Amino acid sequence: MLRMQLLPARLIKPRAIPSRPASSALLSSSSPTAGATTTLEDVAANRKGLAKVVLKKGKTQVFKNGNPMVYSGAVDRIIGRPPPKTGDAVLVADGSERAIGWGMYNSVSMFCVRLMQLEEEAARDPSYALNMEKLLEARLDAAVDLRQSMGLPSDETNVYRLVNSEGDRLSGLIVDVFGDVAVIASSAAWIEKYKQEIEFLVGRVRNVNHIKWRPSIDILKEEGLEISYQGDPSSSSCPGRVKVMENGICYLISLEGQKTGFYADQRESRRLISSISRDRRVLDVCCYSGGFALNASFGGAKDVIGIDSSSPALELAKENIQLNKLDPGRISFLREDATEFMKGAAARNESWDVVILDPPKLAPRRKVLQSASGMYRNLNSLAMQITKRGGLLMTCSCSGAMTQSGLFLRVLQGAASMAGRRITVLRQAGVACDHPIDPSYPEGAYLTNFLLRIL
């Protein structure tokens, strides 16, 4: 059995972060006079060439409330010559030109500034005002603290999310830890600029021995960057596959697979499946590498089937059966199209006690929400038809547009009507606790998970 030692220390080897040239506009300021209140304007006074992004009147409050994404339509003017370049730190000010915070500028993206610190925070602690290196260190330190307070990592779980973008106040940065490997997903230009510092800080986290840098190429194009994923030297020593443990179950995961390699956001829902599967027949539709199916088998299910259309994912799932010494006669994985499999099962009047439906993202953007709603309705109608009356359906949407719309339950009601079934909601959930969401940035919410009783 793979075991992790939970160590109380947050970061090791307290070496200095690799420094940038002394001419950088992000060097730390001199210490404020004891008892004095230092404002961002005070700090900015020592920064030559620091631009100020002035917001339109009436557009300030949403950002003062914490939304970090300053969109270009909210900007009235930019003060400063020469104008700021992508990756530069800038002040963000209200219509009266009073600073409300500072952030990282992008001259191309629809989000022209990602706010990093608000004025009142800088007044309380000016030590990392307009200093990206120090802010990164503080935010990474806080992220490690938060996970440890949630019991991560532990003897039974060493796969978790260390940094969750806006939820950890580092917009565009995702860090997932898989055993001794940290996968860093970059989706903002400022992250690419500070790649060296981020890798250094993540490399200091306990038990992290390898780092894989995984840029989101399509999103970074919208940020004005052309980046090749191939041949990144920082990932050269990183294994292609790694063995991890979640809730006492071992997984082989591919670091070349979907997202960063594993969906840690469903950890708590997988644990629930384990607790409700004893002596039941379980079907896991869109199973990927077998997370829900393996938990059902561990929980004592008498028969488990996992369905997915991806051969590489199913190869991992089958290896995970052997890795956990499960009985292959009671758990199996099949390469099938989800819709066709469920149609065939319904035609044969075949049904299961517990069905899990966790399809890929069907509504990546709001403009396709209507068509995606139809796809979700059709899939869930089929899933309800093959769930025994009185049985349980766990159904999920990882589409941010669907979750943020609040329409998923209405879609499920429509699916029940199509299937000639009634539903009751037993549980509504989202991401696991290591995926914090800032309520001032509701766009960070993407996962909805319903446990339904099918009648």
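At roughly what angle do the axes of helix H8 and helix H9 cross? The legends below begin with that view, and everything shown comes from a predicted model.

**Figure 1. Helix H8 packs against helix H9.** The axes of H8 (residues 267-275) and H9 (residues 291-298) cross at roughly 35° and come within 7 Å. This crossing is right-handed. On the H8 side, look for Ser269, Arg270, Arg271, Ile273 and Ser274, which touch Gly291, Phe292, Asn295, Ala296 and Phe298 of H9. Sorted by class, four residues of this contact are nonpolar, four are polar and two are charged.

**Figure 2. Helix H4 runs alongside helix H6.** Two packed helices are described by the angle between their axes and the distance between the axes. For H4 (residues 132-149) and H6 (residues 195-203), the axes come within 10 Å and cross at roughly 30°. H4 and H6 are therefore roughly parallel to each other. Their crossing is right-handed. Glu133, Leu136, Glu137 and Leu140 are the H4 residues to find here, and they meet Glu197, Ile198, Leu201 and Val202 of H6. The contact of H4 with H6 holds five nonpolar and three charged residues, with no polar ones.

**Figure 3. Helix H11 meets helix H12.** H11 (residues 338-347) and H12 (residues 369-385) pack with their axes 9 Å apart, at an angle of about 35°. The crossing of H11 with H12 is left-handed. Thr339, Met342, Lys343 and Ala346 come from H11, while Leu379, Leu382, Ala383 and Gln385 come from H12. In the contact of H11 with H12, five residues are nonpolar, two are polar and one is charged.

**Figure 4. A close-up of the second largest cavity.** The count for this model is three cavities of 30 Å³ or more. The one in this view, the second largest, holds about 40 Å³ of space. Which residues line the second largest cavity? They are Met104, Tyr105, Asn106, Phe111, Arg114, Ala189, Trp190 and Glu223. To find your way around, start from strand S5 (99-105), strand S6 (111-118) and helix H5 (189-193), each of which supplies at least two of the lining residues. By class, the lining of the second largest cavity has five nonpolar residues, one polar and two charged.

**Figure 5. Gly257 and its contacts from elsewhere in the chain.** Gly257 sits in the loop between strand S12 (249-254) and H8. Leaving aside neighbours within four places in sequence, Gly257 is in contact with Arg214 and Tyr288. Pro312 is 55 residues away from Gly257 along the chain, yet the C-alpha atoms of Gly257 and Pro312 are separated by 8.4 Å.

**Figure 6. Backbone details worth a second look in three loops.** Most residues other than glycine have a negative phi, and most peptide bonds are trans. Pro82, in the loop between strand S3 (75-79) and strand S4 (89-93), is joined to Arg81 by a cis peptide bond with omega about -5°. Another cis bond runs from Leu152 to Pro153, with omega near -5°, and Pro153 lies in the loop between H4 and strand S7 (159-164). What is the phi of Asn247 near? Asn247 has a phi near 50°, a positive value in a residue other than glycine. You can find Asn247 in the loop between strand S11 (241-246) and S12.

Terms used. Residues numbered from 1 in each chain as written. Predicted model: local features only at pLDDT ≥ 70, side-chain atom pairs only at ≥ 80, totals over all residues. Heavy atoms only, no water. Axes fitted to C-alpha atoms, helices over the stretch in contact; angles between N-to-C directions. Helix = DSSP H or I, 4+ residues; strand = E, 2+ residues; numbered from the N terminus. Parallel < 35°, antiparallel > 145°, perpendicular 65-115°, else oblique. Left-handed = near helix turned anticlockwise from the far one by under 90°. Contact = heavy atoms within 4.5 Å. Nonpolar A, V, L, I, M, F, W, Y, C, P; charged D, E, K, R; others polar. 1 Å grid on protein atoms, 1.4 Å probe; cavity = no way out; pocket = protein on both sides within 12 Å on 5 of 7 lines; lining within 4 Å. Points joined across faces, edges and corners; volume = space filled by probe spheres on them.
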